[in-house]
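Q: I should like to learn how strands, their pairing and an open pocket are to be read in a model of this kind. Where should one begin?

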Amino acid sequence: MVNDELDIYTGTLIYKEIEFSFTFDKEQLRLAPSKNKQQEVHLWFMKSLAKGVYTSGDPVYIENDYLIGICNETRQKIIFLPKYENVGKYNSVLIVNIEAYIIQKYERDYINRLGFMSQEIDCIFPTNQALQNPEWTENGIVSIKTKDFDNTTSHKQDFFVDGKKVSMYFGISRTSSGKIGKPPLELHSVMFFEFEKTNDYAFILRLWRIAKCFIQYLCYRKNVNLSKIEVSSPYNDGKHERFAMLHIVNEDKNNEPEILEKRRYIKQEYISGAEGQILNDIAEDRIYLRHLPETYNAGRSINAARFVMITAAFEWTFNKNYPNGVVKRPATIKAEENATEILNELVNNSKGKLKEIYKFLRKLIGSNSLQAEIEQMGKDYAEIVDVFGRRLYSMNKEVLKYSEMGLRLSQQRNNYAHGNLDKDFIGLALLDLVYLEYIIYAMQLKEYGVEDILIKRAINDLFGCSLAL
């Protein structure tokens with residue numbers, strides 16, 4: 001097992017052909033050059049004005065994507081991935097902030113698989129599906145048996161990152177132990193990413209960010225923690241050898257376990273077959289995730305910023321699903337064409353400020369209002385979302401009407417966006433916004449081809465709607 005129990009690591013590494021002694025506290029890397037190299041390192045931070053005359057120079061950055069050191073304590077190789085930030089200096093000691101580090105159990109040249117583990121993944125791909133029914137006997141003997149790997153592994157789904165194919169799937173690891181104080185059998189779900197062998201550590205870090213965004217999306221919160229990341233290299237017959245652990249510095253440990261107990265997440269079985277499409281959109285920044293709350297509990301309160309971000313998420317998703325905009329009647333299309341022709345003539349025959357005004361008015365023709373978009377969505381997604389909307393509004397002694405919902409959200413969003421904070425808050429707009437969160441997931445999952453009943457189950461679980469579906 002890779003030794004990751006130390007609080008402080010020490011060792012040596014080479015950077016710019018200079019040997020440094022390092023001290024690493026799992027956050028900052030301190031590099032001390034040998035005494036005969038201290039002046040050379042000091043000059044990195046200086047700018048020459050004349051022979052023998054110096055002044056403070058430009059900021060110094062670590063020029064390498066990674067630094068490789070050897071630990072004194074274990075003789076294992078440790079790979080540091082520095083943040084792209086200014087290097088600090090105290091006397092001749094360099095202070096480097098680290099984003100991630102890899103501790104190797106064995107020395108290998110390439111990586112071709114990452115295995116992500118967390119409490120969230122244990123729930124999204126439940127570990128209990130690996131167990132067969134236990135057998136009990138009258139004299140206290142209990143027989144517990146696991147299913148085989150084929151029956152506890154999801155189908156591989158492909159996506160692309162910077163033109164490179166990555167295959168993802170879920171599986172369940174088994175660990176047995178005879179030690180006192182440890183359970184005899186441990187099961188953990190793992191989300192695997194497989195790819196062509198590489199030693200591009202920036203690519204590895206990018207895969208971690210994509211994996212984290214994926215789990216954040218399935219849990220509707222940012223404070224998920226991929227607590228254990230196993231690194232594997234190619235092995236015989238297409239197999240993989242775990243040889244290292246990837247550690248992310250300052251990963252948030254506050255993962256709200258009580259929210260997992262309430263099952264506020266989307267299970268893998270609901271999105272089976274769509275994982276690759278979701279990951280592909282995350283990799284290409286084609287799915288809106290900026291509105292995800294920092295924590296699940298924070299998502300239960302709304303401020304002006306979250307109001308605007310949630311409506312922006314809806315409009316982003318609507319524009320992606322409706323590239324031609326709101327469906328319009330032929331008479332409306334004809335009227336817009338006539339208005340455009342008139343404004344084209346006015347633009348051509350005008351100058352100065354008046355011409356700019358006519359251009360602005362021409363841009364407004366055919367644009368969709370938030371209210372119109374919500375009404376269109378209400379027509380097309382009623383089969384999926386109405387069951388949630390009707391219940392939500394009836395609980396508050398209101399009636400679901402998409403035209404009124406769209407008008408309220410549009411007016412309140414504009415008040416926030418234009419700084420009209422003196423306007424009274426539109427009370428029902430808060431209820432509308434809660435429902436809009438459900439709608440965004442419905443539209444996104446529908447685009448990925450998820451069945452309507454599974455979309456309903458996903459929304460029901462994620463937001464704790466407690467409907468009998």
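A: Begin with the faces of a strand. In a regular strand the side chains alternate between the two faces of the sheet. Here strand β2, residues 18-24, has Ile18, Phe20, Phe22 and Phe24 on its covered face, while Glu19, Ser21 and Thr23 make up the uncovered one. Strands (E, at least two residues) and helices (H or I, at least four) are DSSP runs, numbered from the N terminus. The model is a predicted one, in which local features need pLDDT of at least 70 and side-chain atom pairs count only at pLDDT 80 or more, whereas totals for chains, interfaces and linings use all residues. Residues are numbered from 1 along each chain as its sequence is written, and side-chain values use heavy atoms, with hydrogens and water left out.

Q: In what sense does β2 pair with strand β1, and over how many bridges?
A: Two strands count as paired if DSSP finds at least two bridges between them. Strand β1 (residues 9-15) and β2 are antiparallel partners, with seven bridges, and Thr12 stands opposite Ser21 of β2. The two strands form a hairpin with two residues between them; in the turn, Lys16 has a positive phi of about 55 degrees.

Q: What does β2 form with strand β3?
A: Another hairpin joins β2 to β3, with three residues between them, and here Lys26 in the turn has a positive phi of about 70 degrees. The pairing of β2 with β3 (residues 28-33) is antiparallel and runs over five bridges. Phe20, from the covered face of β2, stands opposite Pro33 in β3.

Q: Which residues of strand β7 are buried?
A: A residue is called buried under 20% relative accessible area, exposed over 50%, and partly exposed in between (1.4 Å probe, protein chains only). In β7, residues 77-82, six of the six residues are buried. Lys77, Ile79 and Leu81 lie on one side, and Ile78, Phe80 and Pro82 on the other. Both faces are thus covered.

Q: Which residues of β6 and β9 stand opposite residues of β7?
A: Gly69 of β6 stands opposite Ile78, and Tyr101 of β9 stands opposite Phe80. Strand β6 (residues 67-71) pairs with β7 in the antiparallel sense over four bridges. Between these two strands lie the five residues of a hairpin, where Arg75 in the turn has a positive phi of about 65 degrees. Strand β9 (residues 93-104) is also an antiparallel partner of β7, over five bridges.

Q: Why does Gln157 count as buried?
A: Gln157 counts as buried because its relative accessibility is 16%. Gln157 belongs to strand β13, residues 157-161. Beyond its neighbours within four places in sequence, Gln157 is in contact (heavy atoms within 4.5 Å) with Val166, Ser167, Met168, Gly273, Glu275 and Gly276.

Q: How many residues line the second largest pocket, and which lie nearest its centre?
A: Rolling a probe the size of a water molecule over the atoms shows where empty space is left. On a 1 Å grid over the protein atoms alone, a pocket is an open set of points where a 1.4 Å probe fits, with protein on both sides within 12 Å along at least five of seven lines; lining residues have an atom within 4 Å of a point. The second largest pocket is lined by 13 residues, and Arg113, Phe149, Ile172, Ser173 and Phe192 lie nearest its centre. Two or more lining residues come from each of β14 (164-176) and β15 (185-198), and β14 gives the largest share, five residues.
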